[in-house]
Amino acid sequence: MSAATQPATATGDQFYVTHCLTADSVMNSPGYSVRAASAVDSSDVLKRVLEYPPYEIPLDMWREKPTKTQAPRRLARTKNPAGGVWAVHSVYLEKDTMNRDRSYFTHIINLPTSVDAASVLESWDSDAWVKEYAQGAPKSLRKCSVPVGSKISRTTLSAFISKPVSGPTELSAVVCPARFRTDVAARRSLVGRFLKAIILLTEAQKAGEGRDRLFVHAEPGLVAMLLYAATRILPPGVTADLTFSTFEPSHRAIRDYKLATVVGTYLGLPGKGLDQDLVTSRGFGIDAIQPEKSSPELLESQPLTPGISELLELAAAGDWELLEDVHKLIGTEAGAIEKVPATIGLARAVTKLNRGGLGSEDLLALKADRRGAAILAQRADKVWEFLKDAVISDANLRANFKDWIAEPERLKAYRREACEALVKGEFDNWDTRWILIREVADAEQFKLQADHAQKNLDRYLPTMPIQARDRVRAVCAESGVWPDHHLLAPINLDELDSMLATNVSASWQGYTCFAVMGPDEKNWLADASKPYRPSMRERVRHHLMLAPAAVLTGYLKHAKDYVSTMPGFLYDFLRPFRPECIPFLSRLIDAGADVIEAGDWVKLLGELDIYGERTKEWAGFLLKNDHLAKLLGGFKADPAATQVWEGYLNLLGPELINGDEWERIVYMQLTKARQLLGAANVPLKNVAPSGGPRKLKAADTLLGLMANPATIDTMEHGQLLEAFQVFGIEPLDGLRRFYLRCNFPSIDLNIDPRPLKPFADAFQACYPITHEYNSARMAIANWIGLSASCPDTTRGAFQLYFMRECVPVHWHNNILNEAPRIVLHPMAVAQISQVLALMAKSPGEGFADPGSSPTSVDPGEFVSESTKKAKGTRGGGTKRESVSRRKQSEGIPAIVWLLLILVGVGIVAAIAISQLKKKPPETEPTPEPKIIKVPAKVDKDKTKSKDKDKDK
C-alpha cells in the first residue's frame, strides 16, 4: 500500500506567506507577511514563519519574466527550531499586491518529526498545496496534514528507472526532463550516482570531514524524484530524518545555506553549472545539467558503491516488499549497504525457509547475516534436518555452519556414527565424519570426542584389523589423546615396526617398548602376538640401544617401577658388559637421571661396578660427559643422593688448589650438579652432607682467586681465610701458592709495583693490620717470609711495597728497630730510612720519594690509607704547605746529600752481588699421583610392590 493511498494522520499548523496588504496580514503589516495561519495568536511562531528564507527565481530569469509554470518550484523539509519539521512549498507569482514583478507564495506546515522525507516528497505537485490566496479571504486556517500527490510514488519511481516515461514538461512540475525521456540507462545512472552521493554524505558527516551538504543542479521535480529514490531504495538508517529543499536560488548565499542537508538549485542559463567549491570543499555535488561539474567521486565514469546496483534492480522490478525485507536484514550500522548483494539472497531464503524448498545456497545466505542467523536459530530443528547430512559432503556449508556442527551433542552424533562404521569395516564413513569433527571442533572438544571414541571401541580394538587401529591412532595423535593400551601394544612385527617409526611420537614409542618388554604373565600383549614375542623383544632392545633420549625417557617413565625387580626392563640391557653398553648408559643418564629413583640408580651403578672396584670396564665413566652432574641433578633432594654427594666431596682436598686435574674434574662435576639443583629450585643444603655447601663455597673462593686475582675485591670479610681453613691450608702456605700460581714473581716491582695490589689485598684478608702495632709486626713478618719466593732483584721492592701501602708510616721506625727478629731487605731499609730522615727534617711533610733512583716510582701514587691518614693528622695537605716544604728541601746541607749518595752506592753493590748468587726461583712441588677413592655405594633396601597390573 503506497503512501499515496494511506490516510494522513499527522497534522500541524499551516501558514501562508506572501505579499499582502495590511488588512490581509495576520501580523497587520503590509508587504511580505503571514497572510493566513492556523496559529494566528502566537507571535513567536508567526515571527519564525516569516523568517523562513524567501523564494526567488534564478537571477538569470529576471529579465524574461517567466510565468508560474515556467519558474522552479520549491518543496522542502527542514527543521523547525521550536520542534518538529517544516514542510514548505513555494511557487512563483508574476505580480505582488502592488502589481510589481516577481513575487511568491509559500505554504508552510509545521509537522511532527515522524512525518518523513518520503511522505513530503510524495506531495510533489499536489493540488492540496495552496499556491495563491485571494484578497479578503479569511486569515484563520485549520490544521492540516501533508498533502498527497500522484507524480512521485513507488510506482512512478519504478517506471523512472526501468522504462520510458511521460508527464508534464513545465519547469514548475516536470519530474523527468525531455533530455531523459527516452534514455532509461541515463536515468538509472543518475539515480545510482545520487544514491552514492547520499552514502558519501552520510559517511562524511559521521567522520566530521566538513563536507556536510549535497548540492544538486537540476529541475526541482527531478531533484524531488532523486530524493524520493534515496528514501525508498536506501536503508532507512541512511535517509532517516533527511532534510532537503528542491530549489534554492544560487545567488542567495547558497554556500552558507544550512537549513537542509540536500540543497537543490536551478541556474536557468544553458552551459552554466555548479561552482567548484560547492562540489569539493563545501560538500558533494551532482550536476544533472552539466554532469562534468559534479564532484570527482560522482562523475559518470566512477563505479557505484557495492550494493546500489542490486537495490536499483529490486526497485526497477517493483519488488518493494523484498526491498523492505532487505532493509530489515541489513540493519543500520556502518557499511550496511555493502551487505546488500548477500542480503537479497537472504531475504529470498527466508521466504523459502517459510514455504519449503530450502537449499545450500539459501542456508549460506541466511547464515551470512546476523538477522538471518537469528531466523535459523528460531527454526533450528527444521534446518538441522537438511543440514546434518548436507555438511558431510559440502565443505563450504561445513565451514559456514561450523558453530552449529561444533555443538557437543551434534559432534557426539557424528562420533557415534563413525565408531559404528569402523566396527563394520566402513572406513570411508569413519573418515568423512572425522574430517568433519576435526574441522569444526575446538581443541578441547576434539580431544574429548577422540577419547570417547577409543573408549567406545575398547572391546573391539584387540581384534580389529591394523588399518582400523591405525585410524584410531591417527585421531589420537591429532587430538593429543593418550591412546588406549591396546592401540600401543602391537599384535605383530609389522605393526611394531610402524609403531617405532620416526614419525611416531617419542612417548608412544616408549610405551610400546615398555608393553613389549613386559613379562608374558602380565598379559600386556594380545594373544595374537604370541608367535612373534621373542622377535618383537629383540627388535625393541635394538631400537632402545639407539633410540633418541626422548624415546628412552618415555620408556623409563613406565618401566621405572620395575627396574630393580624385573631385570628385563633395564639390567639385561647392560649385562654382560659390551662396548655398546657405555654409550647406552650415557644416553640412559641423559634421558632418565630424573626419572628413575635415586636409590634404584645407586643400586644399578653399584651392581654394574661403575666405580671400577672389581674391573676397569667402567673406570672413570661417571666423570665423563657430565654423567655425575646429571645424575646428582636428577636425584634432587632424594636421601640416597646425600651419600653420593658426601663421597665425592670427601675426595676434594688441598691438591685441588694446587691444580690437581682429577680433583678439578670432580669439583666441576659437583659444581654443575649444584647448578642443576638451583635451576630446579632445590637448595644444595637439602641434599649435601653437613659442611658440603661450605666446602664447595671454599673451593669456589680459592679456585676463583687463582683464576682471577681481582675477585679478592668482591669477597666478603673473612671469606678467604675461611676457605683456607676448610681445606686445612695454612694461610701463609696458601698465599704462597697463590703468589706462585698467578705468576706474581714475574712482575718487575722496581718499575711498577701496582700489579701486586690483588695479592697484597689477599694477604691483608688473612693478616689484617688493625690499630694495634702487633698486627702490623705480625703481618710484616709473614710478608717478609713470603718475600723468600720473590726473585732477588725485586725482593726489596716487594717488601718496600707492603711497608708503603699497608703499614702506617708512624710504625715504620718501630719495624726497622725489630731487627734481628724482623730483617728487611737493605734496599727497603735504605728507602724507608731515607723517608724517615726527610720527615724528621720536615715534620709537616708526608713521606716522598726523593727520586734518587731512576727506576723509582712516585710514592705519592702508592701511599696507603694508613699513611694518608697519618699525613692528614700532621696537617700536610694544602698546596701552600706543600710549596713551603719543597722550598725547605732545597736547602738540605751538602753532608746529607753525601750520605744519600753513599747509601745508594751500597744498595747498587748489594744488588749486583745478589744477582751473581741468584738461585733459580722456587717452584711448586709436583703432587704425588693420587689413588682415586670412589664414594661408597648406596644400596637402597626397598620393597616395592610396583608390580601393578594396569588395565591399559
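Modeller: A crossing of two helices is called left-handed if the near helix is turned anticlockwise from the far one by less than a right angle, and right-handed if clockwise. The model discussed here is a predicted one.

Colleague: Which hand does the crossing of α22 and α23 have?

Modeller: The crossing of α22 and α23 is left-handed. Helix α22 covers residues 506-517 and helix α23 covers residues 533-546; their axes come within 9 Å of each other and cross at roughly 140°.

Colleague: What makes α22 oblique to α23?

Modeller: The angle decides. Roughly antiparallel requires an angle over 145 degrees, roughly perpendicular covers 65 to 115, and roughly parallel is under 35. The crossing angle is roughly 140°. This value falls in none of those ranges, so the pair counts as oblique.

Colleague: Which residues of α22 and α23 make the contact?

Modeller: On the α22 side they are Gln 509, Cys 513, Val 516 and Met 517. From α23 come Met 536, Arg 537, Val 540, Arg 541, His 543 and Leu 544. By class, the contact of α22 with α23 has six nonpolar, two polar and two charged residues.

Colleague: What angle do α32 and α34 make where they pack?

Modeller: The angle is about 70° between helix α32 (residues 719-726) and helix α34 (residues 757-766), and the axes lie 7 Å apart. Angles from 65 to 115 degrees count as roughly perpendicular, so α32 is roughly perpendicular to α34.

Colleague: How many residues in the contact of α32 with α34 are nonpolar, polar or charged?

Modeller: Six are nonpolar, none polar and none charged. Leu 720, Leu 721 and Phe 724 of α32 meet Ala 762, Ala 765 and Cys 766 of α34. Leu, Phe, Ala and Cys count as nonpolar, so the class follows from the residue names.

Colleague: Turning to the sheet, what is the order of the strands in the open sheet of nine strands?

Modeller: The order is β3-β2-β6-β5-β4-β9-β10-β8-β11, and the pairing is mixed.

Colleague: Why do β3 and β11 count as edges?

Modeller: β3 and β11 (284-287) each have a single partner strand, so one side of each lacks a neighbour in the sheet.

Colleague: How do you know that β2 pairs with β3?

Modeller: A pair needs at least two bridges. Six bridges join β2 to strand β3 (residues 31-37), in the antiparallel sense. The cut-off is met, so the two strands pair. One of the links is Val 17, whose bridge partner in β3 is Val 34. On its other side in the strand order, β2 has β6. Five bridges join β2 to strand β6 (residues 101-111), and these strands are antiparallel as well. Phe 15 stands opposite Ile 108 of β6.

Colleague: What is there to say about how β9 and β10 run?

Modeller: Strand β9 (residues 244-245) and strand β10 (residues 262-265) run parallel and are joined by two bridges. At least two are required, so this pair also qualifies. Ser 245 has Val 263 in β10 as its bridge partner. Helix α1 (residues 43-50) packs on the sheet, where it touches β2, β3, β5 (85-95) and β6; its direction makes about 130° with that of β3.

Colleague: Why is β2 described as largely enclosed?

Modeller: Seven of the seven residues of strand β2 (residues 14-20) are buried, so the rest of the structure largely encloses the strand.

Colleague: Is Thr 261 buried or exposed?

Modeller: Its relative accessible area is 18%. Buried means under 20%, so Thr 261 is buried. Thr 261 sits in the loop between β9 and β10. Leaving out residues up to four places away in sequence, Thr 261 touches Leu 201, Gln 205, Asp 212, Arg 213, Leu 214 and Thr 243.

Colleague: What about the phi of Asp 125?

Modeller: Phi of Asp 125 is near 60°, a positive value, and the residue is not glycine. Asp 125 is in the loop between α2 (117-121) and β7 (144-145). With a relative accessible area of 17%, Asp 125 is under the 20% cut-off and therefore buried.

Colleague: Is Asn 681 buried or exposed?

Modeller: Exposed means over 50%; Asn 681 has 69%, so Asn 681 is exposed. Asn 681 also has a positive phi, of about 60°, without being a glycine. Its loop runs between α30 (661-679) and α31 (692-707).

How values were computed
Residues are numbered from 1 along each chain as its sequence is written. This is a predicted model: local features need pLDDT of at least 70, side-chain atom pairs count only at pLDDT 80 or more; totals for chains, interfaces and linings use all residues. Side-chain values use heavy atoms; hydrogens and water are left out. Axes are lines fitted to C-alpha atoms, for helices over the stretch in contact, and angles run from 0 to 180 degrees between N-to-C directions. Helices (H or I, at least four residues) and strands (E, at least two) are DSSP runs, numbered from the N terminus. Contact means heavy atoms within 4.5 Å. Buried means under 20% relative accessible area, exposed over 50%, partly exposed in between (1.4 Å probe, protein chains only).
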